[in-house]
Amino acid sequence: MGKQKLIDFEFEEIKLSGVLNFPKDSEPKGIVLIVHGDGKTNAVEGNWWYDVRVAIMKAGYATYMWDKMGCGNSEGIYKNGRSVENEALEVIAAIKNLEENKISGSNKIGL
């Protein structure tokens, strides 16, 4: 796999822990966010979606994913059944963090 960097961001004043993976030998064309479905996660420590992330990086894109509140190294308490609107706001917070920190590839972000 290419380079890896741990990047946290805040949502609702809670730190969420994420991992950013870059293509090995090139600047990324953009960043693909991997957003989990319902249920608890330990995606960062468990190296979830490894094959998918490698395929995306081979296509020239970086990947970013994070653990939900109260899971892995993310702070807070896990809440089952959060609204889609709340989850969408969390994704927007992740995007804003990547853009504000001028992470390579953050000018083109997809899900």
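**Exercise 1. Classify Phe 9 as buried or exposed, then describe its ring pairing with Trp 66.**

Solution.
- Phe 9 has 3% relative accessibility, so Phe 9 counts as buried. The cut-off for buried is under 20%. The model is a predicted one.
- Trp 66 is also at 3% and therefore counts as buried.
- A pair of aromatic rings is described by the distance of the centres and the angle of the planes.
- For Phe 9 and Trp 66, the centres are 5.3 Å apart and the planes make 90°. Planes over 60 degrees apart count as edge-to-face, and this pair is edge-to-face.
- The pair links distant parts of the chain. Phe 9 sits in strand S1 and Trp 66 in strand S4, 57 residues apart.

**Exercise 2. Which geometry joins Tyr 64 to Trp 66?**

Solution.
- The centre-to-centre distance is 5.6 Å, with 35° between the planes. The pair is tilted.
- Tyr 64 is buried, at 0% relative accessible area.
- Phe 9, Tyr 64 and Trp 66 form one aromatic cluster.

**Exercise 3. Place these rings in the largest nonpolar core.**

Solution.
- This core has 18 residues. Phe 9, Leu 20, Ile 31, Tyr 64 and Trp 66 touch the most other members.
- Strands S1, S2, S3 and S4 and helix H3 each supply at least two residues.
- H3 gives the most, with four.
- Beyond four places in sequence, Tyr 64 contacts residues including Phe 9, Leu 20, Ile 31, Ala 94 and Leu 98.

**Exercise 4. Where is Val 52, and which surface patch does it join?**

Solution.
- Val 52 lies in helix H2, residues 50–58.
- Its relative accessible area is 38%, so Val 52 is partly exposed.
- Val 52 forms a nonpolar surface patch with Trp 48 and Trp 49. Together they have about 290 Å² of accessible area.

Notes:
Residues numbered from 1 in each chain as written. Predicted model: local features only at pLDDT ≥ 70, side-chain atom pairs only at ≥ 80, totals over all residues. Heavy atoms only, no water. Patch = residues over 30% accessible without salt bridge, like charges linked within 9 Å, V, L, I, M, F, W, Y side chains within 5 Å. Areas by Shrake-Rupley, 256 points an atom, 1.4 Å probe, with all protein chains shown as cover. Salt bridge = Lys/Arg side-chain N within 4 Å of Asp/Glu carboxyl O. Buried < 20%, exposed > 50% of the residue type's maximum accessible area, 1.4 Å probe, protein only. Core = buried A, V, L, I, M, F, W, Y, C linked by side-chain atoms within 4.5 Å. Contact = heavy atoms within 4.5 Å. Phe/Tyr/Trp six-rings, centres within 6.5 Å; stacked < 30°, edge-to-face > 60°.
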